[in-house]
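Let us take a friendly walk through a protein model, looking at its backbone, its cysteines and its empty spaces. Keep the picture in view as you read.

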Amino acid sequence: MKSKIWLSSPHIDKNELDYVKETFLDNWIAPVGPHIFGFEVAIETFLKRPSFVTAVTSGTAAIHLALKLLNIKAGDTVLCQSFTFIATANPITYLGAIPVFVDSETETWNMCPYYLEEAIKEGLKLNKKPKAIIIVDLYGMPAKMDEIIEIATQYDIPIIEDAAEALGSEYKNRKCGTFGDFSIFSFNGNKIITSSGGGALVCRNSADKEKTLFYATQAKEVALHYQHEEVGFNYRLSNVCAAIGKGQMEVLSKRIIQRQANHLFYQELFKGNKDVTVFKTDNTDFNSNYWLTCVLIGPQASFSNLDLIKYLGLHNIEARPLWKPLHLQPVFENTLFYGGNVCSDLFSRGVCLPSGSNMSLVERLFIAKVLTEFFKSK
Ligand SMILES: *Cc1c(COP(=O)(O)O)cnc(C)c1O
């Protein structure tokens, strides 16, 4: 194989470039313009439930804004899934708040409801009630929404749903990105669709969207002169990026089918392999977009996850370990963690496999060939 097979690379269709050209012709080369509105409406329509979407510069910015709208302040604690990309938790620290990490359960790999409640109870005992809960739909798999929402409601703590990887996933036929008091998406280059870089904050009502726009554009008060009474951010998405995003929304349903087909390909490939389990659930409440297909190496295997990743790398196939749990990251060294060893075990045994919607049949066959060689050599 001459060119590298990536984990997840951008997959552009026909209309994106036409929309970008429009931005040049109309001179809307700015963080205002018609494609921003078009992109937001496309997301709102896709989500089906009443959703008020603001397009911003990144998923990270969207989480930062959600925390700001929840009035998170320095010294507050925020409960956060440990098993995720660092972007989920970084914005907590931007506000001077303190993350407290929670382990995953083994069925969805997302926040464990049991340990979530433990963390809340401990917080209450210490007179430090958590101000928000950030859950994640990791690798596209929805979290255990009913259980988590029940706990959050019981203790009256708002939820931010990080659906950066789960655009198009569903829980009980309802789209991910509609479960949090605030939900976010990312349109980074590696996600299921991209705006080259970008994100979205999903609010449940128009008043919150108004506030989002206010904080995302430097908290400018209504006045002819520049009047500022609060600190804001410069987080609005460019109209040029939104043009790409709008074009990508038109092919999203195709991209979801393609990723799910990759997943079935790997399921077939590893069928009967006693050392490798493909991450999935048979529970039909959970419908993943399978942004990335992940596998776990059995503890008895004669090879490690890193052996497999290195071997694929030698053949120009990108594979990666799973996200390293945040409570194990040096930058979060002194933070609290509630749980056992679920996510640390997943990290020590997992592999993300190439899952791009643009993966060709030839590339799939090549991956199958290389993997077969690898298992033969073991
Ligand atoms: C990609 C990602 C983000 C951040 O999105 P950016 O647009 O890159 O800032 C947040 N959370 C998760 C789980 C992600 O995968």
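This report covers unusual backbone angles, then cysteines, then pockets and cavities.

The model is predicted, so local features need pLDDT of at least 70 and side-chain atom pairs count only at pLDDT 80 or more, while totals for chains, interfaces and linings use all residues. Residues are numbered from 1 along each chain as its sequence is written, and side-chain values use heavy atoms, with hydrogens and water left out.

**Backbone angles**

Most residues other than glycine have a negative phi. Two residues to look up here are Asp156 and Ser196. Helices (H or I, at least four residues) and strands (E, at least two) are DSSP runs, numbered from the N terminus. Buried means under 20% relative accessible area, exposed over 50%, and partly exposed in between (1.4 Å probe, protein chains only).

| Residue | Phi | Loop between | Relative accessible area |
|---|---|---|---|
| Asp156 | about 55° | helix H6 (145-155) and strand E5 (159-162) | 61%, exposed |
| Ser196 | about 80° | strand E8 (182-186) and strand E9 (199-203) | 47%, partly exposed |

**Cysteines**

How many disulfides does the structure hold? The number is zero, where a disulfide is a pair of cysteine sulfur atoms within 2.5 Å. For Cys176, the closest cysteine sulfur is in Cys294, and at 15 Å that is too far for a bond. Cys176 is also buried, at 0% relative accessible area. Cys241 counts as buried too, with 18% relative accessibility.

**Empty spaces**

On a 1 Å grid over the protein atoms alone, a cavity is a set of points where a 1.4 Å probe fits but cannot get out, and a pocket is an open set with protein on both sides within 12 Å along at least five of seven lines; lining residues have an atom within 4 Å of a point. A volume is the space filled by probe spheres set on the points, which are joined across faces, edges and corners.

The largest pocket has a volume of about 280 Å³. Its lining has 18 residues, and Leu7, Asn190, Arg320, Pro321 and Trp323 lie nearest its centre. Why does the largest pocket lie between domain 1 (14-251) and domain 2 (253-376)? Both domains give residues to its lining; the domain bounds come from an automatic or database domain assignment.

The structure also holds one cavity of 30 Å³ or more. The largest cavity has about 30 Å³ of space, and its lining includes Ala163, Phe185 and Lys191.
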